[in-house]
Amino acid sequence: MDGLAPAEGWIGTRLLRKEDARFLAGKGQFLADIRVPGVEDVCFVRSPVAHGRLNGITKPAGAVFAAGDLPPFQPLPAGPDLPTYRTVPYPPLATDMVRFVGQPVAACLAPTRAEAEDLAGLVELDIAELPAVVDAREAMRPGSPMVHAGWPDNAFITSGANGGEFESMRAAAAISIRRDLRMNRQAVVPLESRGVLAYWDHRLDELVVYLSSQAPHVMRIGLAQVLGLSEHRLHIIAPDVGGGFGAKNRLMPEEIVVCALALQRGTPVRWLEDRRESFLSAPQAREHRYDLTLHADAEGNLLALEGEVLIDAGAYALWPTGAFAEASMAVRNLTGPYRIPAIRLRNATVATNKPPMGAYRGVARPGACFAIERMIDEVARALGMESAELRRRNLLTPEELPHRTAGGMRLDNGDYPRALETAREMIGLDAVRARQAAGEPDGRRVGVGFALYAEQSGHGLKEWARRGARVLPAYDTSTVRLMPDGSAQVLVGIQSHGQGLETTLAQMAATALHLHPDRIAIRHGDTAVSPFGFGTFASRSTIFAGGAAVRACRVLAERMKAIGAHLLQADPAAVVLADGMVRHGSAAVSYAEISRAAHVRQELLPAGMDPVLEATATYEPPESEGTFSYSCHAALVAADPLTGATEVLDYVVAEDCGTMVNPMIVEGQVYGGVVQGIGTALFEEIPFDKAGQPLATTFADYHMPCASEMPRIRIAHLVTPSAITEFGVKGMGEGGAIAPPAAIANALADAFRAEGLEFNETPCSPRRVTAALDAAGVAP
């Protein structure tokens, strides 16, 4: 690689990912790769029933621990800090009640996992089974069994959103479309499942915890509180993390128990989640119900939206935030980038006898996008309009931005109609219509679907405080230091789990320092090394950690210029940084010479100068409501009327995430997100029977998209830099997963529009496609 920086810096350069060298060589270090002498493995005994009273535990000889065998844990309130939110403790090990299949009841320790499993098989649980609640809508009806005794109903919280002149807008409507829409529960399924390893380090007098986590600093706060341990004696290390998608951003019972056992026994203790445990008890996602009515005038102008949103949160709230954000975010995002003047919406976060819901890539927006985009397609069908034209008519234009939506979101900038038109041209809408008219030789039905979204990212203090978050991730921190040889380290509090952040952050720092990215090391994931930070989630890392790193680099650059000017006998205001040197005209000194003066030859420094070449800075965007990336997705599908199987033939994305630091990494994130969205649209679901038993607990039952299901994905980039962030970047890590369920369901409905079929529930599995055909009396 050339040692000189591009004239404009490293922003926008397609550098190969730094981290791939170790991953492709099989030399990454994940939690299961950590070797500690004398470690004992844990196997958890889990509840076999969804709801019941735990009357007793019969334990065999051996190291078996129930709740009463561990010191009492300190309370750790979860969910929002709001007076209307009902919260109950989520015990690390069940005490008197079990509330979902898979809830941890006891922990068994042995020298190996196999021996621990054998021991767990001898534990007997005495559970008096109670009626289970497995449907959010049923759970809110009077007379439903109660998940938590003493509650007046099964809602953690109920709320609503009203905006605009609703009554007048509804009165002006010529058409009103009401639909019941459902996004079913999914597993998160990161490539690396959860895990924790804990031991007491006697030399440092601290509990060392290796944790597969997205937010090691935040997890230290929670673990210290629940264990009653001072934070200075708690050291969290997140090694390489093989995917998280939100599931590794919550403090879970297994992690607490392993730490407690390590403290109690004085020996290293480890738990590695197997895949069945992941299906049973890891945070689950996506379960939304919508009962919506969309009002429009005769010309197709959208006027008002009303209805109810129910979120199935499972049995407990997770610390620090639980599932409470899903309902409010779904409601606020329902209008998308459209000009919908008025809303009247109710929402409830509902307790059921299922595993707790956690964040998952997109957080609420996939459901909201699915709901509004399906509704828009049905309005277009009722009016006899092309759905793309109805969208164009209602999308906010660049001249209308910034715009405050009826849901309260402040959309900042962009060109939504251009994204739609770009996707329409890429998918070839006119050619698709001609192909539909000609028919398919194999008898399949072809359809095209569109979906748009706007994704909030980079939101700060006021936004998180408004939501009642118990931990306010309103900023992030970075420390940048120049090493004695002129190379640099950038320390950040975020955690990379597959996004290429080691490369992206190096490019941002390299641009600010005028240093080659290969000369910059990114350090993260260790609370004893990196400055405090809130971790990686909500498409925030490049904005917050990148912004902090750039600010710290600028402070450091001024110190370097002062030393360099002194060595060059020049005015500090007259020198510049370029290609790893401080230059003044034709004269220059290297960063190595400058750093050598500060580190080992201080007599060369200006008199009285502090020799430290290190700077720390925090960053929060000045607009607390954040900045919005957006995209239009279009899908071309072929559906077999006989089998119900759906193939995605072509998939296009017209996206705008502001300035792209590394377009190759942006595209990789979009590709991965789209494939996850295809899983939501067509394959992934954890159904439960009436007793609360999960019916998909292995990959034999839970189908994910694989190579054979991945379509050709084509991407067009629109670039509208943010006005409030460093370099104009916007968040983009979640966007690819938001729109595919809507685009694919719309494409399926388009394929069978002559029969009037609709697909308002995900996944649109072969069974659901054939059931819709059967219900409509359509012969294959």
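1. The side chain of E273 makes a polar contact with the side chain of R194, at 2.7 Å, in what is a predicted model. E273 itself sits in the loop that runs between strand β12 (269-272) and helix α7 (275-281). Apart from residues up to four places away in sequence, the residues that E273 touches are S193, R194, S278 and A282, so that R194 appears both as a touching residue and as the partner in the polar contact. E273 has a relative accessible area of 6%, and because buried means under 20%, this glutamate counts as buried.

2. On the fold as a whole, the secondary structure of the protein comes to 19 helices and 29 strands. For 780 residues, a compact globule would be expected to have a radius of gyration near 28 Å, and the value for the protein, 27 Å, agrees with that expectation. The C-alpha trace, taken along its principal axes, spans about 90 × 70 × 50 Å.

3. Burial and contact order can be read alongside those dimensions. Of the 780 residues in the protein, 64% are buried. Where contacts join residues at least 6 apart in sequence, 81% of them link residues that are at least 24 apart.

4. As regards the surface, the protein exposes about 27700 Å², of which carbon and sulfur atoms supply 53%. The protein carries 73 positive and 90 negative side chains, and the centres of these two sets lie 2 Å apart.

5. Two cis peptide bonds deserve a look in the model. One is the bond from L401 to P402, with omega near 0°, and P402 is placed in the loop between helix α10 (387-394) and strand β16 (403-404). The other is the bond from T762 to P763, with omega near -5°, where P763 belongs to the loop between strand β29 (761-762) and helix α19 (766-775).

6. Two residues other than glycine with positive phi should also be checked, and both are in loops that border helix α15 (541-568). S539 has phi near 50° and lies in the loop between strand β21 (520-523) and helix α15; its relative accessible area of 11% makes S539 buried. Q569 has phi near 55° and lies in the loop between helix α15 and strand β22 (576-578); its relative accessibility is 76%, and because exposed means over 50%, Q569 counts as exposed.

7. Which residues does K561 contact, leaving aside its neighbours within four places in sequence? They are P572, V575 and L577. K561 is part of helix α15, and L577 falls within the range given for strand β22 (576-578). With a relative accessible area of 19%, K561 is buried, because the limit for that class is under 20%. The C-alpha atoms of K561 and G150 are separated by 66 Å, and the two residues are 411 residues apart along the chain.

Notes
Residues are numbered from 1 along each chain as its sequence is written. This is a predicted model: local features need pLDDT of at least 70, side-chain atom pairs count only at pLDDT 80 or more; totals for chains, interfaces and linings use all residues. Side-chain values use heavy atoms; hydrogens and water are left out. Helices (H or I, at least four residues) and strands (E, at least two) are DSSP runs, numbered from the N terminus. Buried means under 20% relative accessible area, exposed over 50%, partly exposed in between (1.4 Å probe, protein chains only). A polar contact is a pair of N or O atoms within 3.5 Å; within protein, one must be able to donate a hydrogen and the other to accept it, and residues adjacent in sequence count only if both atoms are side-chain atoms. Contact means heavy atoms within 4.5 Å. The radius of gyration is taken over C-alpha atoms; the globule rule is 2.2 Å times the number of residues to the power 0.38. Accessible areas come from the Shrake-Rupley method with a 1.4 Å probe; for residues, only the protein chains shown count as cover. Lys and Arg count as positive and Asp and Glu as negative; His and the chain ends are not counted. The place of a charge is taken as NZ of Lys, CZ of Arg, CG of Asp or CD of Glu.
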